[in-house]
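I am opening my notebook to work through one structure residue by residue. I want to write down what I looked up, and in what order.

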Amino acid sequence: MQVGEKRSRVPAIAAALCAAALLAVAPGASGATQAELSAQHDLLVTVNKARTARHLGPLRLSKVLSAPARRHSAYLARTGKLDHNGADGRPFYVRLYAAGFSRRKAVGENLGMSGGCSTDLSPEMIRMWLDSPAHRANLLSRTYRVVGIAVVAAPDCSNTVYTTDFGG
């Protein structure tokens, strides 16, 4: 087997592992539609493609971080806001630590919003985040090992919110 052939299998294996991880989270997804679950899988795969293309390790899906990511995405989709502070006005890290993520570990958050029920925009979200210095720093940080992901469309299809909550 040539080196090039070996590398070409890595994304397929990573995609399969990501799919299995998302299926494991699906029962706790609290009402996620099939389109949202598919979008969350796509976002995880796209995040990891961006990282591995830059010789960084892939992120593992975190159930602990995915739960607050989903709640926050639902709040933002419902209100049409795009804000790292929660409904209670507190910053994102309070939400992540309150969900049970270790306070000893670094956290970060990237948000994105699209118009309509656009759950198929993972590549566009990653491109936008890579073009923004602060979002790029989160996405490509060597500190982060896990990520919580949520993609939530507003009930009236006015917008769709993409959330990635990173953890060290």
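**Entries on two strands and a core**

I began with T164, whose relative accessible area is 0%, so I entered this residue as buried. The model I am reading is a predicted one, and I keep that in mind for every entry. I then looked up where T164 sits, and found the residue in strand β4.

Next I asked myself which residues T164 touches when those up to four places away in sequence are not counted. My list reads L43, V47, G108, E109, N110, W129, V147, G148 and I149.

Since G148 was on that list, I followed it and placed G148 in strand β3, which covers residues 146–153. G148 has a relative accessibility of 0%, and therefore counts as buried, because the cut-off for that word is under 20%. Leaving aside neighbours within four places in sequence, I noted that G148 is in contact with S62, L65, S66, A69, T163, T164 and D165. I also looked up R70, which is 78 residues from G148 along the chain, and the C-alpha atoms of the two are separated by 8.5 Å.

I turned last to the largest nonpolar core, which has 20 residues, and in which L43, I126 and L139 have the most contacts. At least two residues of this core come from each of α2 (34–52), α5 (122–131), β3 and β4 (159–167), and α2 gives the most, with five residues. For L139 I wrote down contacts with V47, A50, R51, N110, I126, L130 and F166, again leaving aside neighbours within four places in sequence.

How values were computed:
Residues numbered from 1 in each chain as written. Predicted model: local features only at pLDDT ≥ 70, side-chain atom pairs only at ≥ 80, totals over all residues. Heavy atoms only, no water. Helix = DSSP H or I, 4+ residues; strand = E, 2+ residues; numbered from the N terminus. Buried < 20%, exposed > 50% of the residue type's maximum accessible area, 1.4 Å probe, protein only. Contact = heavy atoms within 4.5 Å. Core = buried A, V, L, I, M, F, W, Y, C linked by side-chain atoms within 4.5 Å.
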